[in-house]
Amino acid sequence: MRAGMMRWLRDNKALAAGLVITVSIVVLALLSLFWVPMSPTKMNIAQKLKGPLENGFSSGLLGKDHFGRDIASMLMVGARYSLTVALASVAIGAMIGTALGVTAAARPGFTGAALGRLNDAIFALPPILSAIMLGALMGPGTTTAILAIGTFMIPVFARVTRGAAMQVRARDYILAARMAGEGEVTITLLHVIPNIASQIIVQVAIQLAMAILTEAGLSFLGLGTPPPAPSWGRMLADSQTYLLKAPHMALAPGLAIALAVLGFNLLGDGLSRLIDPRRRIER
Amino acid sequence: MSGNRAPLVEVIGLSRRYALPGGRNLQALDNVSLSVAPGEILGIVGESGCGKSTLARIVMALDRPTSGNVLLEGDDLFALSPRELARRRRNFQMIFQDPYGSLDPRMSVARIIAEPLRLLPERLSRAEKAKRVAAMLEDVGLRAEDGARFPHEFSGGQRQRIAIARALITRPKLVVADEATSALDLTVQAQILRLLRDLRARHGLTMLFISHNLGVIEEIADRVGVMQAGRLLEIGPTAAVMENPREEYTRRLLAAEPTLDFLEQPA
Amino acid sequence: MSLLAVNNLTITFRNRRSTAETAVVKAVSFSLEAGETLGIVGESGSGKSMLSLAIMGLLPGDARLSGSIRLGGQEVVGASDRALDALRGREAGMIFQEPMTALNPAMTVGAQIAEGLCLRGGLSRADANAEALALMEQVRLPEARRRFASYPHEMSGGQRQRVGIAIALALKPRLLIADEPTTALDVTVQKDILDILDELVRERAMALILISHDLGVIARSAARTLVMYRGDMMEDGPTVQVLRQPQSDYTRQLIAALPRRSRRSLEGAAP
C-alpha cells in the first residue's frame, strides 16, 4: 500500500505538487474566515513599512505595509477574494461555454457556425476592456470582475468542449444511441458530456490559474474588489511607490500570485497526464 | 430462401449523392434495389467506397436517400413521421465494425445493452430490465454478472458480443451488421460468426450482413449481393455467385482473395 | 553466416501498477537468409510487431531485451543509437500497416523518397530525384513522373503503400520488414502490393519478413512460416508443412478459424 502510494507520487509529481500548493492556499483562505494573525484592516503607523519580523512578531511574519497593516493577514483574506472571483468566473465560463460548445458540436450546420462566430466576437474582448466597460456601467467591484473574467472564459471553454464533443460524436456509440431512439439533447447529456468531462476538468484547473492572474490584474488597475477589502492585485499596486524602501511589500503578493498560478497550472497539467488515454488504456 | 413469403425489407431504386467541396458530387449509391425475406441473411460484399456502408446507414434510417425508398414490412421508412419512425426503431437494429468505438466507455455494460429498451412501447421496471439484460448477456455467451463491468475490461471479441446483445435486446426483426467481424482476430471472428449463426437458429434472425471479405460472407449469408461504385452488380444465392459469378468484377474479387491455394504450387 | 539471426530473444515490459514484468516475446530464435521470405503470423497480442520493432531497434525505451539479434553480422541488442541509425535503412527497411500515418502529409511523395537518398545516401539533389523516380517506377506507381509532385492525401491507399515501399527501398536494404502491409487495403489492391513485394525479393535477392494476421497472405508469399501466440513461437517451418501438419494446437485452431473458402484446398489434399 505504502509502496503503491510512493509510486503514484513519483509518477504524478506535477499533480502532487499542484495539489499541495492549491490545497494550502484554499486552507489559508478558509482559515481567514475564522482566524488571522492580525486584523488585515487595522492600521498601525508605528509599524509602517516594517520588514518581516523586523520588530519581532509584532511586525508580522511577512512585514507591514505603508499603513502598518499586517501583510500575511492581508494575503490570507486576499486569497479569499482571489479564489472567489476565480471560481465564480470559471464556473460561469465553464457552464455557459460547455453548453455552447456541445450545442455547436450537435448542430454542425448554420447554428454551429453562428455560435463559432459569436465565440470569436466574445474572445476579441479582453477581460480588462470588458471590466472597464462593465465597471463604467455598474461600478468596480467583485461582481464586475467575476462577470468580466467569466465572459472571457466562455469562448475558451466553448472551443475546447466543441472540439472534444466533435471527436466523441464521431464514435459509433453515438450512432448506436441514435438507433436507440435518443434525441440530440439526450445524447449530449448521456454520452457526450460524460466522455469529455475529464477534458473539462483539466481546462477548469488551467483556467483557474488564468483567472487568478486576470483578477490580480484587474485589482491592480483598481477594477477589482474595492478597498478596504485586501486584494493581491492592489497590494502589488500599492507597493510600487515603496519598491526600494520596502521590497517585501511587492514580493509577498507577487509570490502569492505566482504560487497560486503555478499551483493550478501544475494541477491542470497533472490531471491531463493522469487522464491521458495513452496512459489509461492498459491491458 | 426468399420465394413466396412477403419480403421483410424492400429497397427500391435507392440512390444517394453527396455534395463534395468544389461543386463535385459523389454518387455513393446508384439505383440499388434488393429485398430481404424474413429469416434470411443477405450478404453485401464490395471494396471500400462501393457504397455498402451508405446502404446500411440508409436502411437503418440514419441517413436519407437522394431518391428511392426503403420499405420495412411494406411501410416506407422515409414517409413516416419522426415519432412513428422512432417507434419503429425497435424493429431494426445495427451492429458496428469497431468494437472499441461502439460502446460508450463511461457506461456499464448493463446500461449499454439496456439502452434500446427505451424504444419499447411498454415502460419496463428496473427489475424487468435487469432480467432481460442478464438473459441477453447469457444468450451471447457472456455471464450475467458481466453487466456490472465496463467496456475496457473486455477483449475485442467480448465487446462485439456486448454490441450484439445491445442490437438484439428489443428482439428486432432486422439486424444490419456493418463489417461486424472485420476488426477482430481470425479465431475471434470465427467465434462471432458461430454465435450469429447460433442466434439465428434460435431466434430466426433476419440480417443484412455487410463485409469486404468474401470468405466471411460465404460462411454466413444465404444470398449475396456484390457492389461496386455505388451499384449492385449482381445478387443471388451465395454458392451460385461464388461458383459461377456472372460479372467480371466478381471474378476479379474472388481471384484476389488470398487463399491457401498457393500451396498447390511447388515452393 | 545468416543475414538475420535472432537468438533466444525475450522482450519484457515493466507493468505500471506493480513490479512484475510482462514478456511480450519469449525466447524466440530463428534465422533468415538473403532471398528468403519469412512469414510471421499471429493475432493481436502475439508479439509479432514487437519482434519486428526489436529487429529495427525501434522498441520504446521502457522495453527490456535479452538474447541476441544479429543483423548483417552486427548485434542490434544493446547497440548505440548511432550504430542503430547506420543499420536502419541500409541493412533493414520497414513498411507499415497504415501508409497515411507513416508519410509526412506536408511533403510531396517524390521529396520524401529522395530525402533519405540525399541525407544518408550522399547523392546530389538531382541524382536523388532521378533515383526516387526510378524507385517509383519499380513499385509500379502509375504515371510516376506526374505522381512525383503529389501529396500523400492525393493518392489512394494502395498508391501510398507503394510510396512506403519505395521509401523503405531507397537505401537498398538487404532485409525488408513488412508489418501488415495490406491489412488496410482492398483485396484487389492487396494482390498488387504482394506481387510487388514478391518481385522485389526475386530481383534484389532481398530477404523479406512478411507479418500478417492472414494465413492466406502468408501462404501466398512466404516459403517459411513462423506462428506466434502470446509471445511464444508456436511453429517454425516450411509453410506447406506448417499448414498441412501443424505441430501445435494453436496453429490448428488458427487454420480452422479461416473461412471455408480459404482453406478448401487444404482439406482436399490433407492426408
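Which residues, leaving aside neighbours within four places in sequence, is B:Glu47 in contact with? In this predicted model, B:Glu47 is found in the loop that runs between β3 (41-45) and α1 (52-59) of chain B, and, once its neighbours within four places in sequence are set aside, its contacts are B:Lys52, B:Tyr249 and B:Leu253 in chain B together with C:Asp186, C:Val187 and C:Thr188 in chain C. The residue counts as buried because its relative accessibility is 11%, against a cut-off of under 20%. With C:Thr188, B:Glu47 shares a polar contact between side chains, at 2.6 Å.

The interface to which this polar contact belongs, that of chain C and chain B, takes 29 residues from chain C and 27 residues from chain B. About 2,800 Å² is buried between chain C and chain B, and carbon and sulfur atoms give 58% of that area. The count of salt bridges between chain C and chain B is one, and B:Glu219 and C:Arg260 form a salt bridge in which the closest N and O atoms are 3.1 Å apart. Nine residue pairs, both members at pLDDT 80 or more, are in polar contact across the interface of chain C and chain B. On the side of chain C that touches chain B, the elements giving two or more residues are α8 (187-204), α9 (215-221), α10 (239-244), α11 (249-256) and α12 (260-269) of chain C, and among these α12(C) gives the most, with seven residues. Divided by class, that side of chain C has 11 nonpolar, eight polar and 10 charged residues.

The contact between chain B and chain A takes 25 residues from chain B and 19 residues from chain A, with a buried area of about 1,800 Å², of which 56% comes from carbon and sulfur atoms. Zero salt bridges are found across the interface of chain B and chain A, whereas eight residue pairs, both at pLDDT 80 or more, are in polar contact there. Strand β6 (residues 92-95) of chain B provides the largest share of the side of chain B that touches chain A, namely three residues, and the residues of that side divide into 11 nonpolar, five polar and nine charged.

Within chain B, a further charged residue, B:Arg159, has its place in helix α5 (residues 156-168). B:Arg159 is buried yet has no salt bridge, the nearest side chain of opposite charge being that of B:Asp98, 6.6 Å away, a separation to be set against the 4 Å limit for a salt bridge. Not counting residues up to four places away in sequence, B:Arg159 touches B:Pro99, B:Tyr100, B:Leu103, B:Pro151, B:His152 and B:Phe154. The C-alpha atoms of B:Glu47 and B:Arg159 are separated by 25 Å, the two residues being 112 residues apart along the chain.

Over all chains the count comes to 39 salt bridges. In chain B, a network of salt bridges links B:Arg143, B:Glu145, B:Asp146, B:Arg149 and B:Glu153. In chain C, C:Glu180 and C:Lys48 form a salt bridge with the closest N and O atoms 3.6 Å apart; C:Glu180 lies in the loop between β7 (175-179) and α8 of chain C and C:Lys48 in helix α1 (residues 48-55) of chain C, so that the pair ties together parts 132 residues apart in sequence. Both C:Glu180 and C:Lys48 are buried. In chain A, by contrast, the salt bridge of A:Glu184 and A:Arg178 (3.2 Å, N to O) joins A:Glu184, partly exposed at 23% relative accessibility, to A:Arg178, partly exposed with a relative accessible area of 28%.

Note on methods
Residues numbered from 1 in each chain as written. Chains lettered and ligands numbered in written order. Predicted model: local features only at pLDDT ≥ 70, side-chain atom pairs only at ≥ 80, totals over all residues. Heavy atoms only, no water. Helix = DSSP H or I, 4+ residues; strand = E, 2+ residues; numbered from the N terminus. Buried < 20%, exposed > 50% of the residue type's maximum accessible area, 1.4 Å probe, protein only. Lys, Arg positive; Asp, Glu negative; His and termini not counted. Contact = heavy atoms within 4.5 Å. Buried area = accessible area lost by both parts, 1.4 Å probe. Polar contact = N/O pair within 3.5 Å; in protein donor to acceptor, adjacent residues only side chain to side chain. Nonpolar A, V, L, I, M, F, W, Y, C, P; charged D, E, K, R; others polar.
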